[in-house]
Amino acid sequence: MKIDRIELREIRLPLVAPFETSFGVTTERRIILVKVFGDGGFGWGECTCNEGPFYNHEGTDMAWLLLRDYAGPYTLGREIGSPEEAGALTSRIRGNRMARASIEAAIWDLEARRQGIPLWKLLGGAQEEIPCGVSIGLQETDALLLRKIETELAAGYQRIKLKIKPGRDYEMVKVVRKEFPDINLTVDANSAYTLGDTELLTRLDEFALMLIEQPLACDDIIDHAELQRHLDTPICLDESILGVEDARKALSIRACRIINIKLGRVSGHAEARKIEAYCRERDVPVWCGGMLEAGIGRAHNIAMATLPGFVLPGDVSASKRYWTEDIITPPVEVTARGTIPRPTGPGIGYEVNEARIDALTLRREVIV
Ligand code: OSB
Ligand code: MG
């Protein structure tokens with residue numbers, strides 16, 4: 001197979017509610033969509049980076065240039081045997097995995113469409129539906145947070161993840177645990193703490209959390225291993241795991257007991273599968289992280305999360321929690337038991353609403 005044309009677009013999509021983490025607030029997404037053409041077909045990808053370089057070093061404007069001037073040209077006209085080889089076309093680029101992954105994922109969609117099968121099947125997915133949780137951003141008050149949790153539990157979600165940061169941690173989680181003594185509860189610090197906070201973080205053991213996500217630096221595993229020695233609660237790494245080699249190293253020094261896989265962060269489906277397989281062979285649970293994706297990225301996440309190692313509820317949830325109207329039809333919906341059934345159509349399995357995308361497009365560029 002060979003890609004002979006790549007279309008980039010940037011769309012602007014306001015969130016239904018602002019999303020606040022330890023590193024900032026997002027009210028409106030600026031998302032790059034990638035459409036690849038080749039072998040008489042096409043495939044869609046979505047770049048999962050945030051707007052600015054705060055979750056990791058990537059951001060919308062930087063990703064646009066990276067795709068236009070490097071990853072796009074490196075991909076065009078190159079013969080590959082299967083989507084498994086797509087990542088290698090851009091692997092001389094250091095970092096910038098979310099940008100690289102948007103092309104890689106689009107090539108997987110193209111191949112699944114060409115074979116007339118769902119992407120989850122091409123990837124080797126086994127689960128008929130994926131277990132879903134929600135990630136709830138920092139709220140103005142504990143009362144507002146409690147109300148949000150109630151709404152999500154009523155919708156059927158299997159797990160609640162709270163964003164925490166210094167000053168909004170122990171006391172806030174205590175209030176939530178008191179109100180909801182039996183729910184699956186997790187917290188995500190997005191690297192807001194240091195080893196100097198070990199005493200505070202060990203006190204979170206009181207709340208029987210399923211896991212604490214990325215408490216320490218985004219590029220660290222050494223200090224996480226030290227922290228894990230003091231914690232009963234399993235550490236789950238997000239930012240620190242960029243590929244299967246990072247997973248191997250982190251697990252070998254016991255820096256975590258659980259891994260969050262994000263398709264973009266690990267450079268695409270091929271690497272995500274490697275991490276899933278590596279962890280499954282060692283009985284390390286993984287789950288699918290989210291990056292406030294629009295429908296195309298969300299559909300890729302669903303396909304990935306059908307792999308058998310994705311045993312914990314992830315962050316992939318219903319479109320309506322993010323958008324008044326998604327860019328795919330039907331929108332992603334969640335069953336009353338807190339699951340998303342795998343789609344049945346070819347490729348990502350949802351219809352891409354090109355008219356809506358056109359209406360949201362701020363800029364478009366064709367690479368040939
Ligand atoms: O760390 O998981 C994270 C959103 C943006 C950047 C980082 C993260 C998140 C989320 C939201 O937690 C997950 C989602 O609902 O898509
Ligand atoms: Mg996280």
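Where in the chain is the place of N56: in a helix, in a strand or in a loop? N56 belongs to the loop between β3 (41–46) and α1 (60–75). Keep in mind as you look around that this is a predicted model.

Let's stay with N56 for a moment. A polar atom of the N56 side chain lies 3.0 Å from the backbone nitrogen of E58. You can also use N56 to practise comparing sequence with space: N56 and D109 are 53 residues apart in sequence, and their C-alpha atoms are 26 Å apart in space.

**Around ligand 1**

Now turn to ligand 1, which sits in the largest cavity. There are 17 residues around ligand 1, and the ones that come nearest are S135, K163, N190, L292 and Y322. What is the make-up of this shell by class? Six of its residues are nonpolar, four are polar and seven are charged.

Three residues place a polar atom close to an oxygen atom of ligand 1, as this little table shows.

| Residue | Polar atom belongs to | Distance to an oxygen atom of ligand 1 |
|---|---|---|
| K161 | side chain | 3.0 Å |
| D188 | side chain | 3.0 Å |
| M291 | backbone | 3.4 Å |

And how much of ligand 1 does the protein cover? On its own, ligand 1 has 390 Å² of accessible area, and the protein covers 99% of that.

**The magnesium ion**

D188 turns up again at ligand 2, the magnesium ion. Which residues coordinate this ion? They are D188 (OD), E213 (OE) and D238 (OD), at 2.0 to 2.3 Å. If you walk along the chain, these donors follow the spacing D-x24-E-x24-D. D188 and E213 link distant parts of the chain, since they are 25 residues apart. D188 is in strand β7 (residues 185–188), while E213 is in strand β8 (residues 211–213). So D188 has a double role in this picture: its side chain has a polar atom 3.0 Å from an oxygen atom of ligand 1, and it also coordinates the magnesium ion.**Two backbone details**

To finish, check the backbone in two loops. The peptide bond from T329 to P330 is cis, with omega near -10°. You'll find P330 in the loop between β12 (328–329) and β13 (339–341). N96 is worth a click too: its phi is near 50°, a positive value in a residue other than glycine. N96 is in the loop between α2 (86–89) and α3 (97–115).

Terms used. Residues numbered from 1 in each chain as written. Chains lettered and ligands numbered in written order. Predicted model: local features only at pLDDT ≥ 70, side-chain atom pairs only at ≥ 80, totals over all residues. Heavy atoms only, no water. Near = heavy atom within 4 Å. Polar contact = N/O pair within 3.5 Å; in protein donor to acceptor, adjacent residues only side chain to side chain. Areas by Shrake-Rupley, 256 points an atom, 1.4 Å probe, with all protein chains shown as cover. 1 Å grid on protein atoms, 1.4 Å probe; cavity = no way out; pocket = protein on both sides within 12 Å on 5 of 7 lines; lining within 4 Å. Sits in = over half its atoms within 2 Å of the grid points. Nonpolar A, V, L, I, M, F, W, Y, C, P; charged D, E, K, R; others polar. Donors = N, O, S within 2.8 Å, 3.2 Å for Na, K, Ca; no water. Helix = DSSP H or I, 4+ residues; strand = E, 2+ residues; numbered from the N terminus.
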